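Open your viewer and set the display to a cartoon with side chains available on demand. We will go stop by stop, and at each one you will get something to select and a short account of what is there.

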Amino acid sequence: MSTVQAEVSELVGREYKYGFVTDLEMDTAPRGLSEDVVRLISSKKNEPEWLLAWRLKAYRHWLTMSEPQWQNVKFPPIDYQDIIYYAAPKPKKALNSLDEVDPEMRAMFNKLGISLAEQERLSGVAVDAVVDSVSVATTFKDKLAKVGVIFCSFSEAVKTHPELIQKYLGSVVPYTDNRHATLNSAVFSDGSFCFIPKGVRCPMELSTYFRINAADTGQFERTLIVAEEGATVSYLEGCTAPMRDKNQLHAAVVELIALEGASIKYSTVQNWYPGDAQGRGGIFNFVTKRGKCAGANSKISWTQVETGSAITWKYPSVILQGDNSVGEFYSVALTANYQQADTGTKMIHIGKNTKSTIISKGISAGHGQNTYRGLVKIGKGASGARNYTQCDSLLLGSQCGAHTFPYMEVKNKTAQVEHEASTSKIDEEQLFYCRQRGIKAEDAVSMIVNGFCREVFKELPMEFAVEAQKLLSVSLEGCVG
Amino acid sequence: MLEIKNLYAKIEGREILKGINLSVAAGEVHAIMGPNGSGKSTLSQVLAGRESYEVSGSVLFNGTDLLSLAPEDRASAGVFLAFQYPVEIPGVGNLYFLRTAFNAIRKRRGEEEMDAIDFLALAKERMKLVEMDPSFMSRSVNEGFSGGEKKRNEIFQMAILEPTLAILDETDSGLDIDALKIVANGVNALRRKDRAMLVITHYQRLLDYIVPDRVHVLAHGKIVRSGGKELAVELEKSGYAEFI
């Protein structure tokens, strides 16, 4: 592996591109977690009584729970009293249009390659920008409203559409679900809300861009997407954070609900700060994502490209309740340096003739540890259910690891469950072959890795696919040493 | 064109090539024959720039010190190796791979890159040389190809990259007689006055179709005998016993 190692380590020194800090005037809660902090967050957001009550139930339940221990990742205990649970950039005044966004903030998004104004004019993607604990801008709202699509920050939705929030909040991920989701339920600050009414095909891609900026804060956002009967939506999510030498906690919850004949496609490119080459700092990305195919013939598809974070712990799942519903999970997870990922999915087949597909591609380099963990559960009533799972691992170097834990529970004899797994490495032969044909080593490595991920990348919306390929090449730079 | 002097190569402390001397002029086809383990494949790998070997001696290629160049720079200089075991690259399309290689070489030579449409036309034309089906273009590099298809693909790549020195490493191994003919026809069509070829083979069979100008016998890391094309016929009868 000498050449592979040399070639990849030659590219060391490429810094995490999004690691800068923007100086914003902040409004923060006192450090630590208590009932008072939960109340403070709720009052900062002028929330109705029922939501505060829900948060408090979650908080009290959280106190009784212990940290999950089953995952294949190692990290020191988290001091929950050393985290700031609410940090919001102080708005200069209420915003009526994007032109009024704080210039500092606008500059920050420009630096990230997301021009809020440009996005609005040119690319036809509606963006909700979330910095630390709050949503700072949502584009295209008016245009979407004309077809009945609601796309706004979670806080705003609580005020403008309380009946929808009350109906669906916690309906897929209950506040008792797991310790990180429970914590989120108690202290979540913002996030995005989308509602696609019956029969509407959302006319553009919706996206949320998450940015952690403040130090020592945790980010706890919540996304809720509801697609009514026959509605269709494609949603994108991107995330970055500054470089800091302390770990920061990100515990988000995403809930998707697809009613009869509805289709939701959810794509993530996760590029939180991964920590430095020695494994210092980086985001703990402990996220609960779940969708419910509540109606017949509905479909939920998750696509994720996970290249950032010190630790990734997430299992975007689908509950296939409606008959003939379809669940998909396409994942690329890359761990370089000392990054760890324990990620996969759960496909819970309840309805008849439900179908799920899982394609997972894990890439490990440096000292990275990459675990696929997935559950395929076929319930008693899920006659004719089918699952196909494929887990492939690619190793670069000799100090990294790939692990696969597929779980299957099949309670219906008519179900078909298939599982395929492979582990391979970029070897000297492949690299030499490319170089002999005139392709230099670093381009060859990037080509081979992209080839390995092709089945997943082709599921991404066009712009994201290009972004993901670039991201992968950058993340690979300097990953074996 | 190619001037090999006193070439030694070691891997993991074991000496494989022990002083090779060979000169090949432009337009010539030289066959390197020899028993298993004589160093034939090592010679081809060392010429192409495989880095796992410790190499000494000199190799001049059109006046350039070949041994000082990285494999990709040797490719740009015009060296092509048809691999004995072509490598599979899952998920990377054949055509995409080849166009990347083609343009990387052009770029390094300071030439203009070719766009996808022109390249497709070029590929379609050259594919005919080895009777390859166009459906191969969209498949991943060598993935799921049969032995014969892989070898044909190598010759197809050679036809696209148009090297000045082509090294064919056991291109006949694993081919049935029909495939052998197709591959040999492809190679013969690529013979040119300004192009030299080193054909490495264990059997004389291939040389019935690709008729060499010179034949060399490699044994224990040295060239022990050289002659005209009749030497190959002689070897077929007597075997390599006298050289082992």
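Start with Asn337(A), which is buried, since 23 other C-beta atoms lie within 10 Å and 20 or more is the cut-off. Keep in mind along the way that this is a predicted model. Asn337(A) sits in the loop that links strand E17 (326-335) to strand E18 (340-349) of chain A. Check its backbone while you are there: phi is near 45°, a positive value in a residue other than glycine.

Now hop over to chain B and select Asn62(B). This residue also has a positive phi, near 50°, and is not glycine. Its loop runs between strand E4 (54-61) and strand E5 (64-65) of chain B. Is Asn62(B) buried or partly exposed? With 13 other C-beta atoms within 10 Å, Asn62(B) is partly exposed, because the buried class begins at 20 and the exposed class ends at 12.

**Chain A as a whole**

Zoom out and colour chain A by secondary structure. You should be able to pick out 13 helices and 23 strands. Chain A has 481 residues, and 56% of them count as buried. If you take the contacts in chain A between residues at least 6 apart in sequence, 83% join residues at least 24 apart.

**The nonpolar core**

Next, select Ala227(A), Val233(A), Ala258(A), Ile264(A) and Ile167(B). These residues touch the most other members of the largest nonpolar core, which has 188 residues. Centre the view on Ile264(A) and show what surrounds it. Setting aside neighbours within four places in sequence, Ile264(A) is in contact with Ile225(A), Ala227(A), Val233(A), Tyr235(A), Leu256(A), Ala258(A), Gly291(A) and Ile300(A).

**A helix pair in chain A**

Stay in chain A and select helix H10 (residues 428-436) together with helix H11 (residues 441-452). Their axes come within 9 Å and cross at roughly 120°. H10(A) and H11(A) are therefore oblique to each other, and their crossing is right-handed. To see the contact itself, show the side chains of Gln430(A), Leu431(A), Cys434(A) and Arg435(A) in H10(A), which meet Ala441(A), Ala444(A), Met447(A) and Ile448(A) in H11(A). By class, the residues of this contact are six nonpolar, one polar and one charged.

**A strand residue in chain A**

One more stop in this chain: Gln390(A), in strand E21 (residues 386-396). Gln390(A) is partly exposed, with 15 other C-beta atoms within 10 Å. Beyond residues up to four places away in sequence, Gln390(A) touches Ile358(A), Ile359(A) and Glu420(A). For a distance to draw, join the C-alpha atoms of Gln390(A) and Lys425(A): the two are 35 residues apart in sequence and 17 Å apart in space.

**Where the chains meet**

Bring both chains back into view and select the residues at which they touch. How many residues does each chain bring to the contact? Chain B gives 21 residues and chain A gives 17 residues. On the chain B side, helix H2 (71-77), strand E7 (89-93) and helix H3 (94-108) each supply at least two residues. Colour that side of chain B by residue class and you will find 12 nonpolar, six polar and three charged residues.

**A helix pair in chain B**

Now select helix H4 (residues 116-127) and helix H5 (residues 147-161) of chain B. The two pack at an angle of about 130°, with their axes 10 Å apart. H4(B) and H5(B) are therefore oblique to each other, and H4(B) passes H5(B) in a right-handed crossing. Show Leu122(B), Ala123(B), Arg126(B) and Met127(B) of H4(B) along with Phe156(B), Ala159(B) and Ile160(B) of H5(B), which make the contact. This contact has six nonpolar, no polar and one charged residues.

**Last stop: Ser38(B)**

Finish by selecting Ser38(B), in the loop between strand E3 (29-33) and helix H1 (40-48) of chain B. Ser38(B) is buried, with 25 other C-beta atoms within 10 Å. Apart from its neighbours within four places in sequence, Ser38(B) is in contact with Leu218(B), Ala219(B) and His220(B). You can also draw a line from Ser38(B) to Gln204(B): these residues are 166 apart along the chain, and their C-alpha atoms are separated by 16 Å.

Methods
Residues numbered from 1 in each chain as written. Chains lettered and ligands numbered in written order. Predicted model: local features only at pLDDT ≥ 70, side-chain atom pairs only at ≥ 80, totals over all residues. Helix = DSSP H or I, 4+ residues; strand = E, 2+ residues; numbered from the N terminus. Core = buried A, V, L, I, M, F, W, Y, C linked by C-beta atoms within 7 Å. Contact = placed C-beta atoms within 7 Å. Nonpolar A, V, L, I, M, F, W, Y, C, P; charged D, E, K, R; others polar. Axes fitted to C-alpha atoms, helices over the stretch in contact; angles between N-to-C directions. Parallel < 35°, antiparallel > 145°, perpendicular 65-115°, else oblique. Left-handed = near helix turned anticlockwise from the far one by under 90°.
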